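Colleague: Could you walk me through this one and tell me what lies behind the terms you use?
Modeller: Gladly, let's look at it together.

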Amino acid sequence: MDFTLSTEEKEVRDWVRTFVRREIIPLEPDVLRRERAGQPGLTLSDLAGLQAKAREAGFWGVQTPAEYGGMGLSAVMTALLEVELGRSFVPFRFGGAADNILFHANDDQKRRYLLPTIEGERLSCFAITEPGAGSDARNIRTQAYQDGTDWVITGEKTFITGGNEADFTMVFAVTDKAALNSPGAADGGVTCFLVDRDMGWKSEPIPTMGEWGPAALVFDHVRVPSENILGEVGRGFELAMQWIGRGRYLLPARAIGACERLVEMGIEHARSRVTFGEPIANRQAIQWMIADSAVEIEALRWLVLHAAWQVDAGMDSRQAQSMAKLYGGVKANEIVDRVLQIHGGMGYTRELPVERWYRELRLLRIYEGTDEIQRRTIARNLIKGHISVSGALG
Ligand SMILES: Cc1cc2nc3c(=O)[nH]c(=O)nc-3n(C[C@H](O)[C@H](O)[C@H](O)COP(=O)(O)OP(=O)(O)OC[C@H]3O[C@@H](n4cnc5c(N)ncnc54)[C@H](O)[C@@H]3O)c2cc1C
(Lines give C-alpha, C1' and ligand atoms only; values in the text may rest on other atoms or scores of the structure.)
Protein backbone atom coordinates (compact mmCIF):
# COMPACT_ATOMS: atom_id res chain seq x y z
CA MET A 1 0.00 0.00 0.00
CA ASP A 2 1.52 3.29 -1.09
CA PHE A 3 0.59 6.40 0.88
CA THR A 4 3.04 8.76 -0.81
CA LEU A 5 1.97 11.69 -2.97
CA SER A 6 3.15 11.90 -6.57
CA THR A 7 5.59 14.67 -7.51
CA GLU A 8 2.76 16.49 -9.29
CA GLU A 9 0.42 16.20 -6.28
CA LYS A 10 3.15 17.58 -4.04
CA GLU A 11 3.86 20.48 -6.41
CA VAL A 12 0.20 21.48 -6.65
CA ARG A 13 -0.30 21.13 -2.90
CA ASP A 14 2.86 23.12 -2.14
CA TRP A 15 1.82 25.93 -4.48
CA VAL A 16 -1.46 26.32 -2.58
CA ARG A 17 0.34 26.06 0.77
CA THR A 18 2.61 28.93 -0.26
CA PHE A 19 -0.33 30.96 -1.63
CA VAL A 20 -2.18 30.57 1.68
CA ARG A 21 0.92 31.54 3.67
CA ARG A 22 1.79 34.59 1.51
CA GLU A 23 -1.60 35.90 0.37
CA ILE A 24 -4.27 34.67 2.78
CA ILE A 25 -2.85 34.39 6.29
CA PRO A 26 -1.54 38.00 6.28
CA LEU A 27 -5.16 39.14 5.78
CA GLU A 28 -6.31 37.51 9.02
CA PRO A 29 -5.94 40.49 11.39
CA ASP A 30 -7.95 42.71 9.01
CA VAL A 31 -10.59 40.04 8.48
CA LEU A 32 -11.01 39.64 12.25
CA ARG A 33 -11.17 43.40 12.74
CA ARG A 34 -13.88 43.83 10.08
CA GLU A 35 -15.90 40.90 11.35
CA ARG A 36 -15.82 42.31 14.87
CA ALA A 37 -17.21 45.54 13.41
CA GLY A 38 -20.09 43.53 11.90
CA GLN A 39 -18.78 43.78 8.33
CA PRO A 40 -17.94 40.93 5.93
CA GLY A 41 -14.37 39.77 6.63
CA LEU A 42 -13.66 39.60 2.92
CA THR A 43 -15.69 41.66 0.47
CA LEU A 44 -16.71 40.11 -2.85
CA SER A 45 -14.25 42.39 -4.63
CA ASP A 46 -11.40 41.38 -2.25
CA LEU A 47 -12.27 37.78 -2.99
CA ALA A 48 -12.34 38.42 -6.75
CA GLY A 49 -8.89 40.06 -6.51
CA LEU A 50 -7.42 37.04 -4.74
CA GLN A 51 -9.10 34.67 -7.17
CA ALA A 52 -7.62 36.61 -10.10
CA LYS A 53 -4.13 36.29 -8.56
CA ALA A 54 -4.60 32.54 -8.20
CA ARG A 55 -5.91 32.36 -11.75
CA GLU A 56 -2.70 33.89 -13.09
CA ALA A 57 -0.93 30.82 -11.74
CA GLY A 58 -3.55 28.52 -13.30
CA PHE A 59 -5.62 27.91 -10.17
CA TRP A 60 -9.13 28.35 -11.48
CA GLY A 61 -12.04 25.94 -11.53
CA VAL A 62 -10.34 23.33 -9.39
CA GLN A 63 -12.99 20.69 -10.08
CA THR A 64 -14.47 22.29 -13.20
CA PRO A 65 -13.89 20.11 -16.28
CA ALA A 66 -11.18 21.28 -18.69
CA GLU A 67 -13.78 21.84 -21.47
CA TYR A 68 -15.12 24.72 -19.34
CA GLY A 69 -11.65 26.12 -18.72
CA GLY A 70 -11.19 24.42 -15.34
CA MET A 71 -8.42 22.28 -13.89
CA GLY A 72 -10.61 19.17 -13.55
CA LEU A 73 -8.57 17.99 -10.58
CA SER A 74 -9.21 14.63 -8.94
CA ALA A 75 -11.12 14.30 -5.69
CA VAL A 76 -7.90 13.41 -3.82
CA MET A 77 -6.11 16.47 -5.17
CA THR A 78 -9.09 18.69 -4.34
CA ALA A 79 -9.18 17.33 -0.80
CA LEU A 80 -5.47 18.09 -0.41
CA LEU A 81 -6.09 21.66 -1.58
CA GLU A 82 -9.03 22.09 0.82
CA VAL A 83 -6.77 21.06 3.71
CA GLU A 84 -4.41 23.88 2.75
CA LEU A 85 -7.21 26.45 2.41
CA GLY A 86 -8.59 25.33 5.77
CA ARG A 87 -5.39 26.50 7.45
CA SER A 88 -6.85 30.01 7.43
CA PHE A 89 -10.29 31.13 8.54
CA VAL A 90 -10.29 33.78 5.82
CA PRO A 91 -13.23 32.68 3.65
CA PHE A 92 -11.25 32.25 0.44
CA ARG A 93 -12.18 29.82 -2.33
CA PHE A 94 -10.77 29.47 -5.82
CA GLY A 95 -12.81 31.01 -8.62
CA GLY A 96 -14.13 29.23 -11.68
CA ALA A 97 -16.48 26.93 -9.80
CA ALA A 98 -20.16 26.15 -10.30
CA ASP A 99 -22.60 23.88 -8.48
CA ASN A 100 -22.25 20.35 -9.85
CA ILE A 101 -25.95 20.12 -10.78
CA LEU A 102 -25.69 23.18 -13.06
CA PHE A 103 -23.69 20.98 -15.42
CA HIS A 104 -27.01 19.18 -16.09
CA ALA A 105 -28.33 22.40 -17.62
CA ASN A 106 -29.40 22.37 -21.28
CA ASP A 107 -27.44 24.49 -23.76
CA ASP A 108 -29.55 27.60 -23.27
CA GLN A 109 -29.39 27.31 -19.46
CA LYS A 110 -25.64 26.72 -19.66
CA ARG A 111 -25.26 30.00 -21.49
CA ARG A 112 -27.49 31.91 -19.03
CA TYR A 113 -26.50 30.27 -15.74
CA LEU A 114 -23.58 27.83 -15.82
CA LEU A 115 -21.00 29.80 -17.82
CA PRO A 116 -21.56 33.16 -16.06
CA THR A 117 -21.39 31.34 -12.69
CA ILE A 118 -18.05 29.78 -13.62
CA GLU A 119 -16.81 33.24 -14.68
CA GLY A 120 -17.96 34.71 -11.35
CA GLU A 121 -20.44 37.05 -13.07
CA ARG A 122 -23.45 35.35 -11.47
CA LEU A 123 -23.90 33.98 -7.95
CA SER A 124 -26.05 30.96 -7.22
CA CYS A 125 -27.55 29.43 -4.10
CA PHE A 126 -29.02 26.01 -3.40
CA ALA A 127 -32.38 26.08 -1.67
CA ILE A 128 -34.05 22.97 -0.35
CA THR A 129 -34.28 23.43 3.45
CA GLU A 130 -37.51 24.91 4.82
CA PRO A 131 -38.67 25.90 8.29
CA GLY A 132 -40.51 22.55 8.49
CA ALA A 133 -38.05 20.35 6.57
CA GLY A 134 -34.29 20.05 7.11
CA SER A 135 -32.96 16.53 7.64
CA ASP A 136 -36.30 15.26 6.41
CA ALA A 137 -35.96 17.02 3.06
CA ARG A 138 -38.74 14.96 1.46
CA ASN A 139 -41.14 16.86 3.67
CA ILE A 140 -40.75 20.16 1.78
CA ARG A 141 -43.94 22.18 1.27
CA THR A 142 -42.88 24.82 -1.28
CA GLN A 143 -45.20 24.24 -4.22
CA ALA A 144 -45.12 25.01 -7.90
CA TYR A 145 -48.19 24.74 -10.10
CA GLN A 146 -48.34 25.06 -13.85
CA ASP A 147 -50.10 28.05 -15.39
CA GLY A 148 -49.90 27.98 -19.18
CA THR A 149 -46.21 27.65 -20.06
CA ASP A 150 -45.15 29.11 -16.70
CA TRP A 151 -44.85 27.66 -13.22
CA VAL A 152 -45.87 29.61 -10.12
CA ILE A 153 -43.84 28.97 -6.96
CA THR A 154 -44.98 29.70 -3.42
CA GLY A 155 -43.19 28.80 -0.20
CA GLU A 156 -40.33 29.62 2.15
CA LYS A 157 -36.78 28.35 2.29
CA THR A 158 -34.43 28.82 5.21
CA PHE A 159 -30.72 28.74 6.08
CA ILE A 160 -29.68 29.22 2.46
CA THR A 161 -25.94 29.83 2.14
CA GLY A 162 -25.24 32.69 -0.22
CA GLY A 163 -28.95 33.53 -0.35
CA ASN A 164 -28.34 37.17 0.55
CA GLU A 165 -25.96 37.73 -2.35
CA ALA A 166 -27.20 35.27 -4.99
CA ASP A 167 -28.82 36.62 -8.13
CA PHE A 168 -30.39 33.26 -8.91
CA THR A 169 -31.35 30.21 -6.90
CA MET A 170 -31.76 26.53 -7.62
CA VAL A 171 -34.96 26.03 -5.70
CA PHE A 172 -36.76 22.74 -5.06
CA ALA A 173 -40.55 22.67 -5.09
CA VAL A 174 -43.26 20.04 -4.99
CA THR A 175 -44.86 19.76 -8.45
CA ASP A 176 -46.76 16.52 -7.89
CA LYS A 177 -47.97 15.92 -4.36
CA ALA A 178 -49.42 12.51 -5.18
CA ALA A 179 -46.09 11.25 -6.57
CA LEU A 180 -44.30 12.58 -3.51
CA ASN A 181 -46.54 10.70 -1.14
CA SER A 182 -46.97 7.44 -3.02
CA PRO A 183 -44.93 4.55 -1.59
CA GLY A 184 -42.11 3.34 -3.82
CA ALA A 185 -41.97 6.66 -5.66
CA ALA A 186 -40.15 8.53 -2.91
CA ASP A 187 -37.90 10.39 -5.35
CA GLY A 188 -40.68 11.73 -7.59
CA GLY A 189 -42.83 14.80 -7.23
CA VAL A 190 -40.10 17.43 -6.68
CA THR A 191 -38.73 19.69 -9.41
CA CYS A 192 -35.70 22.00 -9.45
CA PHE A 193 -36.16 25.50 -10.89
CA LEU A 194 -33.55 28.11 -11.80
CA VAL A 195 -35.09 31.32 -10.50
CA ASP A 196 -33.57 34.76 -10.98
CA ARG A 197 -33.93 37.18 -8.10
CA ASP A 198 -35.65 39.64 -10.38
CA MET A 199 -38.42 37.08 -10.99
CA GLY A 200 -39.59 38.09 -7.55
CA TRP A 201 -38.15 36.09 -4.64
CA LYS A 202 -37.00 37.99 -1.56
CA SER A 203 -34.23 37.21 0.92
CA GLU A 204 -33.81 38.04 4.58
CA PRO A 205 -30.48 37.54 6.43
CA ILE A 206 -30.49 35.10 9.37
CA PRO A 207 -28.01 36.06 12.10
CA THR A 208 -26.03 33.03 13.30
CA MET A 209 -23.11 32.33 15.67
CA GLY A 210 -20.85 32.08 12.59
CA GLU A 211 -19.60 34.88 10.40
CA TRP A 212 -21.36 34.00 7.17
CA GLY A 213 -25.05 34.42 7.74
CA PRO A 214 -27.41 32.39 5.56
CA ALA A 215 -30.75 33.71 4.30
CA ALA A 216 -34.44 32.95 4.39
CA LEU A 217 -35.95 33.05 0.89
CA VAL A 218 -39.59 33.89 0.33
CA PHE A 219 -41.48 32.91 -2.84
CA ASP A 220 -44.88 34.51 -3.10
CA HIS A 221 -46.44 33.37 -6.37
CA VAL A 222 -43.15 33.76 -8.23
CA ARG A 223 -43.72 33.12 -11.94
CA VAL A 224 -41.02 31.09 -13.69
CA PRO A 225 -41.00 30.03 -17.36
CA SER A 226 -40.84 26.28 -18.11
CA GLU A 227 -37.47 26.70 -19.79
CA ASN A 228 -36.04 27.37 -16.31
CA ILE A 229 -36.62 23.82 -15.09
CA LEU A 230 -33.27 22.21 -14.36
CA GLY A 231 -33.31 18.59 -15.50
CA GLU A 232 -36.77 17.04 -15.72
CA VAL A 233 -40.09 17.72 -14.03
CA GLY A 234 -40.39 15.43 -11.01
CA ARG A 235 -36.67 14.51 -10.99
CA GLY A 236 -35.51 17.34 -8.71
CA PHE A 237 -34.89 15.21 -5.68
CA GLU A 238 -32.20 13.25 -7.48
CA LEU A 239 -30.48 16.54 -8.32
CA ALA A 240 -30.74 17.68 -4.70
CA MET A 241 -29.13 14.47 -3.46
CA GLN A 242 -26.44 14.80 -6.10
CA TRP A 243 -25.69 18.36 -4.94
CA ILE A 244 -25.49 17.34 -1.28
CA GLY A 245 -23.42 14.27 -2.13
CA ARG A 246 -21.01 16.17 -4.41
CA GLY A 247 -18.23 16.09 -1.94
CA ARG A 248 -19.04 15.48 1.68
CA TYR A 249 -15.32 14.74 2.09
CA LEU A 250 -14.52 18.37 1.26
CA LEU A 251 -16.03 19.82 4.45
CA PRO A 252 -13.93 17.68 6.82
CA ALA A 253 -10.91 18.21 4.52
CA ARG A 254 -11.12 21.92 5.25
CA ALA A 255 -11.46 21.13 8.96
CA ILE A 256 -8.17 19.20 8.88
CA GLY A 257 -6.34 22.39 7.92
CA ALA A 258 -8.09 24.36 10.65
CA CYS A 259 -7.22 21.73 13.25
CA GLU A 260 -3.57 21.58 12.16
CA ARG A 261 -3.27 25.32 12.54
CA LEU A 262 -5.11 25.31 15.89
CA VAL A 263 -2.90 22.58 17.33
CA GLU A 264 0.19 24.47 16.14
CA MET A 265 -1.11 27.52 18.01
CA GLY A 266 -1.76 25.35 21.07
CA ILE A 267 1.78 23.95 21.00
CA GLU A 268 3.30 27.41 20.63
CA HIS A 269 1.27 28.75 23.53
CA ALA A 270 2.06 25.71 25.71
CA ARG A 271 5.78 26.17 25.12
CA SER A 272 5.77 29.80 26.18
CA ARG A 273 3.13 29.98 28.92
CA VAL A 274 4.73 29.43 32.32
CA THR A 275 2.72 28.49 35.40
CA PHE A 276 4.10 27.34 38.75
CA GLY A 277 7.63 27.83 37.42
CA GLU A 278 7.32 25.67 34.29
CA PRO A 279 5.91 25.90 30.76
CA ILE A 280 2.50 24.26 30.64
CA ALA A 281 3.92 22.14 27.77
CA ASN A 282 5.69 20.12 30.49
CA ARG A 283 2.35 19.10 32.06
CA GLN A 284 0.89 15.77 31.14
CA ALA A 285 -2.65 17.19 31.08
CA ILE A 286 -1.61 19.54 28.26
CA GLN A 287 0.51 16.93 26.46
CA TRP A 288 -2.42 14.55 26.32
CA MET A 289 -4.60 17.18 24.71
CA ILE A 290 -1.93 17.75 22.07
CA ALA A 291 -1.35 14.02 21.54
CA ASP A 292 -5.04 13.13 21.23
CA SER A 293 -5.58 15.98 18.80
CA ALA A 294 -2.65 14.93 16.60
CA VAL A 295 -3.88 11.31 16.47
CA GLU A 296 -7.39 12.42 15.57
CA ILE A 297 -6.17 14.79 12.83
CA GLU A 298 -4.17 11.92 11.35
CA ALA A 299 -7.16 9.55 11.50
CA LEU A 300 -9.36 12.20 9.89
CA ARG A 301 -6.82 12.80 7.13
CA TRP A 302 -6.97 9.17 6.08
CA LEU A 303 -10.76 8.95 6.34
CA VAL A 304 -11.03 11.99 4.07
CA LEU A 305 -8.40 10.84 1.56
CA HIS A 306 -9.86 7.35 1.47
CA ALA A 307 -13.34 8.74 0.73
CA ALA A 308 -11.85 10.96 -2.00
CA TRP A 309 -9.93 8.02 -3.42
CA GLN A 310 -13.20 6.06 -3.64
CA VAL A 311 -14.78 8.96 -5.53
CA ASP A 312 -11.89 8.97 -8.03
CA ALA A 313 -12.14 5.19 -8.39
CA GLY A 314 -15.83 5.53 -9.30
CA MET A 315 -16.85 3.47 -6.27
CA ASP A 316 -19.95 4.01 -4.16
CA SER A 317 -18.32 6.33 -1.64
CA ARG A 318 -21.36 7.27 0.44
CA GLN A 319 -20.40 5.26 3.52
CA ALA A 320 -16.81 6.54 3.47
CA GLN A 321 -18.01 10.12 2.95
CA SER A 322 -20.50 9.91 5.81
CA MET A 323 -17.79 8.53 8.08
CA ALA A 324 -15.38 11.32 7.15
CA LYS A 325 -18.06 14.00 7.62
CA LEU A 326 -19.20 12.61 10.98
CA TYR A 327 -15.71 12.09 12.38
CA GLY A 328 -14.52 15.44 11.06
CA GLY A 329 -17.40 17.35 12.63
CA VAL A 330 -17.12 15.68 16.01
CA LYS A 331 -13.32 15.71 16.27
CA ALA A 332 -12.79 19.23 14.92
CA ASN A 333 -15.11 20.47 17.66
CA GLU A 334 -13.26 18.52 20.34
CA ILE A 335 -9.92 19.76 19.04
CA VAL A 336 -10.86 23.44 18.92
CA ASP A 337 -12.27 23.09 22.43
CA ARG A 338 -8.97 21.64 23.70
CA VAL A 339 -6.93 24.35 21.98
CA LEU A 340 -9.17 26.99 23.54
CA GLN A 341 -8.59 25.31 26.93
CA ILE A 342 -4.79 25.34 26.43
CA HIS A 343 -5.01 29.10 25.86
CA GLY A 344 -6.97 29.65 29.09
CA GLY A 345 -8.78 32.98 29.30
CA MET A 346 -7.02 34.27 26.18
CA GLY A 347 -8.64 31.46 24.19
CA TYR A 348 -12.05 32.82 25.12
CA THR A 349 -11.28 36.35 23.94
CA ARG A 350 -11.63 37.85 20.50
CA GLU A 351 -7.92 38.76 20.54
CA LEU A 352 -7.18 35.34 19.06
CA PRO A 353 -8.94 33.53 16.22
CA VAL A 354 -9.56 30.44 18.39
CA GLU A 355 -13.06 31.51 19.44
CA ARG A 356 -13.85 32.37 15.83
CA TRP A 357 -12.89 28.88 14.70
CA TYR A 358 -14.82 27.49 17.69
CA ARG A 359 -17.99 29.15 16.37
CA GLU A 360 -17.35 28.29 12.74
CA LEU A 361 -16.49 24.62 13.27
CA ARG A 362 -19.71 24.07 15.21
CA LEU A 363 -21.60 24.32 11.93
CA LEU A 364 -19.83 21.26 10.58
CA ARG A 365 -21.94 19.07 12.87
CA ILE A 366 -25.15 20.50 11.40
CA TYR A 367 -25.14 21.38 7.72
CA GLU A 368 -25.04 19.02 4.76
CA GLY A 369 -26.28 16.21 7.01
CA THR A 370 -26.13 16.44 10.79
CA ASP A 371 -24.06 14.04 12.91
CA GLU A 372 -27.21 12.07 13.63
CA ILE A 373 -28.13 11.77 9.95
CA GLN A 374 -24.59 10.55 9.11
CA ARG A 375 -24.85 7.98 11.90
CA ARG A 376 -28.25 6.94 10.57
CA THR A 377 -26.76 6.40 7.09
CA ILE A 378 -23.74 4.51 8.41
CA ALA A 379 -25.79 2.25 10.70
CA ARG A 380 -28.44 1.57 8.05
CA ASN A 381 -25.83 0.47 5.51
CA LEU A 382 -24.39 -1.93 8.07
CA ILE A 383 -27.68 -3.24 9.41
CA LYS A 384 -29.12 -3.79 5.94
CA GLY A 385 -25.92 -5.61 5.00
CA HIS A 386 -24.99 -3.23 2.15
CA ILE A 387 -21.53 -2.78 3.63
CA SER A 388 -19.44 -4.84 6.01
CA VAL A 389 -17.90 -3.38 9.13
CA SER A 390 -14.54 -4.55 7.72
CA GLY A 391 -14.74 -1.60 5.33
CA ALA A 392 -13.91 -1.27 1.65
CA LEU A 393 -11.01 -3.75 1.78
CA GLY A 394 -13.43 -6.51 2.86
C1 LIG B 1 -25.24 28.11 8.38
C2 LIG B 1 -26.11 27.13 7.65
C3 LIG B 1 -26.03 27.04 6.26
C4 LIG B 1 -26.89 26.18 5.56
N5 LIG B 1 -26.87 26.19 4.18
C6 LIG B 1 -27.88 25.55 3.49
C7 LIG B 1 -28.03 25.74 2.07
O8 LIG B 1 -27.22 26.42 1.41
N9 LIG B 1 -29.08 25.17 1.45
C10 LIG B 1 -30.01 24.40 2.12
O11 LIG B 1 -30.94 23.92 1.49
N12 LIG B 1 -29.87 24.19 3.48
C13 LIG B 1 -28.86 24.75 4.16
N14 LIG B 1 -28.73 24.58 5.54
C15 LIG B 1 -29.70 23.74 6.22
C16 LIG B 1 -29.07 22.49 6.84
O17 LIG B 1 -28.75 21.57 5.84
C18 LIG B 1 -30.08 21.96 7.88
O19 LIG B 1 -30.08 22.88 8.96
C20 LIG B 1 -29.71 20.58 8.35
O21 LIG B 1 -29.89 19.64 7.33
C22 LIG B 1 -30.55 20.16 9.56
O23 LIG B 1 -31.91 20.40 9.35
P24 LIG B 1 -32.75 21.18 10.49
O25 LIG B 1 -32.02 22.39 10.85
O26 LIG B 1 -34.14 21.33 9.98
O27 LIG B 1 -32.76 20.22 11.74
P28 LIG B 1 -33.78 19.00 11.97
O29 LIG B 1 -33.84 18.15 10.77
O30 LIG B 1 -35.05 19.54 12.49
O31 LIG B 1 -33.05 18.22 13.12
C32 LIG B 1 -33.07 18.65 14.49
C33 LIG B 1 -32.25 17.64 15.29
O34 LIG B 1 -32.86 16.35 15.20
C35 LIG B 1 -31.93 15.41 14.69
N36 LIG B 1 -32.63 14.44 13.87
C37 LIG B 1 -33.42 14.70 12.80
N38 LIG B 1 -33.88 13.55 12.26
C39 LIG B 1 -33.36 12.55 13.01
C40 LIG B 1 -33.43 11.12 12.98
N41 LIG B 1 -34.13 10.49 12.03
N42 LIG B 1 -32.76 10.41 13.91
C43 LIG B 1 -32.04 11.05 14.88
N44 LIG B 1 -31.92 12.38 14.97
C45 LIG B 1 -32.56 13.11 14.05
C46 LIG B 1 -30.94 16.24 13.88
O47 LIG B 1 -29.72 15.55 13.73
C48 LIG B 1 -30.82 17.47 14.75
O49 LIG B 1 -29.95 17.21 15.81
C50 LIG B 1 -27.82 25.35 6.26
C51 LIG B 1 -27.85 25.42 7.67
C52 LIG B 1 -27.04 26.28 8.36
C53 LIG B 1 -27.15 26.34 9.85
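Modeller: This is a predicted model, and a good place to start is strand 6 (residues 202-205), which runs antiparallel to strand 7 and is joined to it by four bridges.

Colleague: What makes strand 6 and strand 7 a pair?

Modeller: Pairing takes at least two bridges. Strand 6 and strand 7 have four, so they count as paired. Within strand 7, Leu 217 is the bridge partner of Ser 203.

Colleague: And how do you know that strand 3 pairs with strand 7 (residues 215-225)?

Modeller: By the same test: eight bridges join them, again antiparallel, and the cut-off is at least two, so this is a pair as well. Here Glu 156 stands opposite Val 218 of strand 7.

Colleague: Now the ligand. Why is the approach of Thr 161 called a polar contact?

Modeller: A polar side-chain atom of Thr 161 lies 2.7 Å from a nitrogen atom of the ligand. The limit for N or O pairs is 3.5 Å, so the term applies. The backbone takes part too: a polar backbone atom of Phe 159 is 2.8 Å from a ligand nitrogen, and a backbone N or O atom of Ile 128 lies 3.0 Å from a ligand oxygen. The protein covers 65% of the 970 Å² of accessible area that the ligand has on its own.

Colleague: Which helix gives the most to the shell around the ligand?

Modeller: Helix 13 does, with three residues. The shell divides into eight nonpolar, five polar and three charged residues.

Definitions and conventions: Residues numbered from 1 in each chain as written. Predicted model: local features only at pLDDT ≥ 70, side-chain atom pairs only at ≥ 80, totals over all residues. Heavy atoms only, no water. Polar contact = N/O pair within 3.5 Å; in protein donor to acceptor, adjacent residues only side chain to side chain. Areas by Shrake-Rupley, 256 points an atom, 1.4 Å probe, with all protein chains shown as cover. Helix = DSSP H or I, 4+ residues; strand = E, 2+ residues; numbered from the N terminus. Nonpolar A, V, L, I, M, F, W, Y, C, P; charged D, E, K, R; others polar.
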